[in-house]
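Please look through the chain shown here with its charged residues in mind, and follow how they are placed along it and across it.

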Amino acid sequence: MTTNYLKVLQESLLKKKEILESILLASEKQREIVSAENVDWDAFDRSIDAKGILIDNLTKLDDGFQNIYDRVREELSGNKDKYKTDIITMQELIRNVTELGVQVETLELRNKALIEKRFTEEHKQIKQSKVGSKVAMEYYQKMNKLNVVDPQLMDRKS
């Protein structure tokens, strides 16, 4: 029975590795989107939604893994020699998953900084656009006043 649980734990770790790889790819795609000259914010939103689904799946896997591990923890601790190869395999998978998690976290921090920079740039552009529009409107209004000739009284001498 414990052998079956160990296989399920290993499969869970493999799925977790696949999901983390997908999250890493999605994060790289987000970086490309935000790094583009003209950012497609709709594509960025779609990538966030897709990544959210992956993260939800990852959370479910973590919960399931923990539940199964809690069932076999004592058996594994008491019989380390019996399950040595399975334990080594899981340790290697856990190392791989941990490395991927660190890569994802690092890329996410870089993306966050890049996104904050883009938001600042976009905000400045919007502000400049508003200022430019205001100046143009004031200029237009002042120029219209220059072209208006006030009524004048003229004497006609015949």
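Helices here are DSSP runs of H or I that are at least four residues long, and they are numbered from the N terminus. With that convention, Arg 46 is found in helix α2. The model is a predicted one, and what follows should be read with that in mind.

The overall architecture can be stated briefly. The secondary structure of the chain comes to three helices and zero strands, and along the sequence the pattern reads α-α-α. Helix α1 covers residues 2-35, helix α2 covers residues 41-78, and helix α3 covers residues 84-146. Of the 158 residues in the chain, 25% are buried, and the accessible surface comes to about 12300 Å², with 53% of that surface belonging to carbon and sulfur atoms. Among the contacts in the chain with a separation of 6 or more, 81% are accounted for by residues 24 or more positions apart.

Arg 46 is a useful residue from which to begin. It counts as exposed because its relative accessible area, 53%, is over 50%. Computed along the chain, Arg 46 and Gln 30 are 16 residues apart, while in space their C-alpha atoms are 9.8 Å apart. Asp 49 is also found in helix α2, and it is exposed as well, with a relative accessible area of 52%. Asp 49 belongs to a negative surface patch, which is formed by Asp 40, Asp 42, Asp 45 and Asp 49.

Lys 51 offers a contrast within helix α2. Is Lys 51 buried or exposed? With a relative accessible area of 7%, Lys 51 is buried, because this value is under the 20% limit. Leaving aside neighbours within four places in sequence, the residues in contact with Lys 51 are Ile 23, Ala 26, Ser 27, Gln 30 and Glu 108. Gln 30, which was named above for its C-alpha distance to Arg 46, is thus listed again here, this time as a contact of Lys 51.The contact between Lys 51 and Glu 108 involves charged side chains, which meet in a salt bridge with an N to O distance of 2.4 Å. This pair links distant parts of the chain, since Lys 51 lies in helix α2 and Glu 108 in helix α3, 57 residues apart. The two partners differ in their exposure: Lys 51 counts as buried at 7% relative accessibility, whereas Glu 108 counts as partly exposed at 28%.

How many salt bridges does the structure hold? There are five in the structure, and two others can be set beside the pair just described. In one of them, Asp 70 is joined to Arg 73, the closest N and O atoms being 2.3 Å apart. Both of these residues lie in helix α2, three residues apart, which is about one turn of the helix. Asp 70 counts as partly exposed at 37% relative accessibility, and Arg 73 likewise counts as partly exposed, at 36%.

The other salt bridge is found in helix α3, where the side chains of Arg 95 and Glu 92 meet at 3.1 Å, N to O. Arg 95 and Glu 92 are again three residues apart, about one turn of the helix. At 44% relative accessibility Arg 95 counts as partly exposed, and Glu 92 counts as partly exposed at 38%.

Helix α3 is also the place of Asp 86. At 19% relative accessibility, Asp 86 counts as buried because the limit for that class is under 20%. Not counting residues up to four places away in sequence, Asp 86 touches Leu 6 and Gln 10. Asp 86 and Lys 7 are 79 residues apart in sequence, yet their C-alpha atoms are 8.2 Å apart in space.

A last stop is Ser 12, which is found in helix α1. Ser 12 is buried, with a relative accessible area of 10%. Once its neighbours within four places in sequence are left aside, Ser 12 is in contact with Leu 61 and Phe 65.

Note on methods:
Residues numbered from 1 in each chain as written. Predicted model: local features only at pLDDT ≥ 70, side-chain atom pairs only at ≥ 80, totals over all residues. Heavy atoms only, no water. Helix = DSSP H or I, 4+ residues; strand = E, 2+ residues; numbered from the N terminus. Buried < 20%, exposed > 50% of the residue type's maximum accessible area, 1.4 Å probe, protein only. Contact = heavy atoms within 4.5 Å. Patch = residues over 30% accessible without salt bridge, like charges linked within 9 Å, V, L, I, M, F, W, Y side chains within 5 Å. Areas by Shrake-Rupley, 256 points an atom, 1.4 Å probe, with all protein chains shown as cover. Salt bridge = Lys/Arg side-chain N within 4 Å of Asp/Glu carboxyl O. Lys, Arg positive; Asp, Glu negative; His and termini not counted. Charge placed at Lys NZ, Arg CZ, Asp CG, Glu CD.
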